[in-house]
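Trainee: Please walk me through one chain of this model in detail, beginning with how its own fold holds together and then turning to what it touches.

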Amino acid sequence: MKVECLFSGFGGQGVMFAGQLLAYAAMDAGLDVTWIPSYGPEMRGGTAHCLVVIADHPIGSPVVMHPQVAIVFNGPSFDKYEPLVAAGGLLVVNSSLVPRSSTRANLTHVRVDATQIASQLGDTHLANMVLLGAALTARPLLPLPAIERALDAHLPERHRHLLAPNKQALAAGAEVLTSP
Amino acid sequence: MPKELLKGNIAIAEAAVRAGMQAYFGYPITPQTELLEYLSARMPELGRTFLQAESEIAAIHMVYGAACTGVRAMTSTSSPGYSLMQEGLSYIAASDLPCVVVNMMRGGPGLGNIQPSQGDYFQMTRSAGHGDYHPIVLAPASVQEAIDFTLLAFTLAEQYRHLVILAADGQVGQMMEPAELPPLLPVAEERPVWALTGARGRGKNIISSLHLRAEEEEIANQRIQARLLTICANEQRSTEYATDDAELLVIGFGTAGRIAYSAVEAARAKGLKVGLLRPQTLYPFPEDRLSRLARQMRSCLVVEMNAGQMIEDVRLAVAGRIPVRFYGRMGGMVPMPDDVLTAIEEAYALHAAVV
Amino acid sequence: MMQALREPTAEMEVIYQHPAALSECRTHYCPGCTHGIAHRLLAEAIDELGIRERVILVAPVGCAVFAYEYFEVDGCEAAHGRAPAMATGIKRSCPENLVITYQGDGDLASIGAAEILHAAARGERITTIFVNNAVYGMTGGQMAPTSLLGQKTTSSPAGRMATLTGYPLHMCELLSGLQGSTYIVRRSLHDVRHIRQAKKAITTALRVQMAGLGFGMVELLSSCPTNWGLTPEQAMGWIETKLIPQYPLGDYKVTDEAKALEKAG
């Protein structure tokens, strides 16, 4: 088993943290994992992306051209990565910010009104968890409780008070796919 | 110790702390600044020395001074900063001082960019600064290896009283992977007999690389060369994958080696007899192993994130027995496994053409 | 007729002897060069303060490149201009030791300008002996950052011109403006009275470091008869009439704490 999972969006949308959380959960599940960020000269703003590779055997390259899963948080990320998702892959799109839909027939296309759902939960910053919850429901790389345990263990101290809302957001994302 | 999800830069910093590093001097430069930032909090916590220098030049000379007193000293930088350190490195090497330098290579030449690169292979392995010597150069490809090689770097530096470079790139520095840190070792209380500690109850100690008489300078050089011979005999390190029945050998170090691993895996899945040799020491280059492997191969393919630098060492080791081909990206471009696979397939196809 | 020197006896008081901190070897300095005097003063001060076994000396690149040979203390050789950075590494690793850099004008004021400036700004607890003779001695008399306007050197054959190479650099004035500086003074070695004053300043500078106060530097206006093209005697006169007017002697920064040490001494 080997899956590459790309997270991409604006700086400040929690793109990096969503990827790290998946990486922590994978590590705790005894899998091999790499997390690698894009890094640019700017401190704030701009687009940010990270790539998580999860495998049950040693991982070679932490970067790939065609990830099997892509979670795009905004329009520019959609435009850049929609064509690159591997055939048969999964594309999760934050439809609150991306009005366009994919026309590709060879991938699973999931649209989640993530920023809107997060806003209803009280904080638009939770959109990252909504998207992660949806992605892991569409492609169960790891069970959601594993992500919740990773949140328990790794949510930064300053965001500790948001533990419950983060878990709610994960569940809300999952619900988008499970509810009729 | 349990595995933690660690970023390369932080892992190296903490590994150095646990290896008993007593003094760190550095200057901010992307993509290794996190290493410096981490140590700025961590070293004082343990009562050890952290100092942000006014330049890479000053930083390496501070390391030179600290190393003279027999403490475990280190600095870290990235390519343009490594260029600036050349002067101090030459003095340190000529003075038989142990010290560790981390170079997180980035795209160049010139100011270049901050993306991962392996463009400093020549600058690190051929010498460091003026004069006639080589540092020991270790090339980790993963966070765990970065930790292990940081420890190894201090061990080798002291064992041989020699300069050791930890040569990685921005990708190893920025990547997070599960890895295990060693326990915190106690800092050595004793200073070596040669160290500058004040001439109390003994004659004075002098540390100098000045030998005005050419006869003496030649003797100093012979001493260094004799040490390098021992290092070359004892310290060649490499790892390999699927080489047993391979006909094409892919050779890459650090990040390029790791990407090549993915490509070799994919080539094997297609039934191609391809193997990988990943040098872990760039100096000494694992020429003994490569020379043996070359006997069973029909050709080899060198993969680097530069225009072809390690390939010169490969050619020397292979000594014309088999064709040596090259695939590289430059300027901070990281090759993708698919691209390397294509290069493998092309090289492999040439075997058939020869028959 | 010269009287044969008598061996000292128990009744005789020793009033002058070879300092323990100074090696009993011949130096390579030219006749009339004041490096020998500066060495002697530093060695005497080290002896009198009883710190020989604690001193680590950082030698420069320049005429004093062999300074570590001439002192009976632990010593090392810095790259050109980098002595303050090297001394910083030493001091931070051995805070109980007394770390001294001995640097010339090319070393300190030109190639090592950044290192000395930042060592001073950090208040690095080291002592710098700055020998200023307005010329590059070791390489054969080229223009230094401290060369005077109009001064003929092998690299300013028509005399130093401000339009071409700017103006002399005043290190005491520069460094005394930094908060990290504790004791910054300029002295001269051209006659006995001034030599005595220089000795006192060197002693105070070392006391400053012993008290852990901050950065200290003693600039010594020195001679280079060989490269100035003068006799040793003329060279001393040149210091007095040419160098001192450009580089006025005096205390450029002496903090109150340093003053107290000066008085105690």
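**A close look at chain B**

Mentor: Among the contacts in chain B between residues at least 6 apart in sequence, 79% join residues at least 24 apart, where two residues are in contact if their C-beta atoms, placed from the backbone, lie within 7 Å. Before going further, note that this is a predicted model, in which local features need pLDDT of at least 70 and side-chain atom pairs count only at pLDDT 80 or more, while totals for chains, interfaces and linings use all residues. Residues are numbered from 1 along each chain as its sequence is written, and chains are lettered from A and ligands numbered from 1 in the order in which they are written.

Chain B contains twelve helices and 15 strands, these being DSSP runs numbered from the N terminus (helices are H or I with at least four residues, strands are E with at least two). Its radius of gyration is 21 Å, close to the 20 Å that the globule rule gives for 355 residues, so chain B is as compact as a globular protein of that length; the radius is taken over C-alpha atoms, and the rule is 2.2 Å times the number of residues to the power 0.38. Along the principal axes, the C-alpha atoms of chain B fill a box of roughly 75 × 50 × 40 Å. Of the 355 residues in chain B, 60% are buried, a residue being buried if 20 or more other C-beta atoms, placed from the backbone, lie within 10 Å of its own.

Within chain B, an automatic or database domain assignment gives domain 1 (4-192 + 209-234) and domain 2 (238-354). The C-alpha centres of these two domains of chain B lie 27 Å apart, and 29 residues of domain 1 are in contact with 21 residues of domain 2. On the domain 1 side, H5 (121-125), S6 (136-138), S7 (163-169), H7 (170-174) and H8 (214-234) of chain B each supply at least two residues, with H5(B) giving the largest share, four residues. That side of domain 1 has 16 nonpolar, eleven polar and two charged residues (Ala, Val, Leu, Ile, Met, Phe, Trp, Tyr, Cys and Pro count as nonpolar, Asp, Glu, Lys and Arg as charged, and the others, Gly among them, as polar).

Turning outward, two pairs of chains touch, and the most contacts are between chains B and C. Here 33 residues of chain B are in contact with 28 residues of chain C, and the elements of chain B that each supply at least two residues are S2 (23-26), S3 (49-52), H3 (56-68), H4 (79-94) and S9 (206-207). H3(B) provides the largest share of this side, eight residues, and by class the side of chain B has 17 nonpolar, twelve polar and four charged residues. S9(B) also pairs in the parallel sense with S2(C), residues 74-77, over two bridges, at least two being what DSSP must find for strands to pair; Ile207(B) stands opposite Cys76(C) there.

Chain B also meets chain A, in a contact that takes 17 residues from chain A and 19 residues from chain B. H1 (15-28) and S2 (32-37) of chain A each supply at least two residues of the chain A side, to which S2(A) gives the most, with five residues. The residues of that side divide into 13 nonpolar, four polar and no charged. Chain A and chain C do not touch, their nearest C-alpha atoms being 27 Å apart.

Terms used:
A residue is buried if 20 or more other C-beta atoms lie within 10 Å of its own, exposed if 12 or fewer, and partly exposed in between; C-beta atoms are placed from the backbone.
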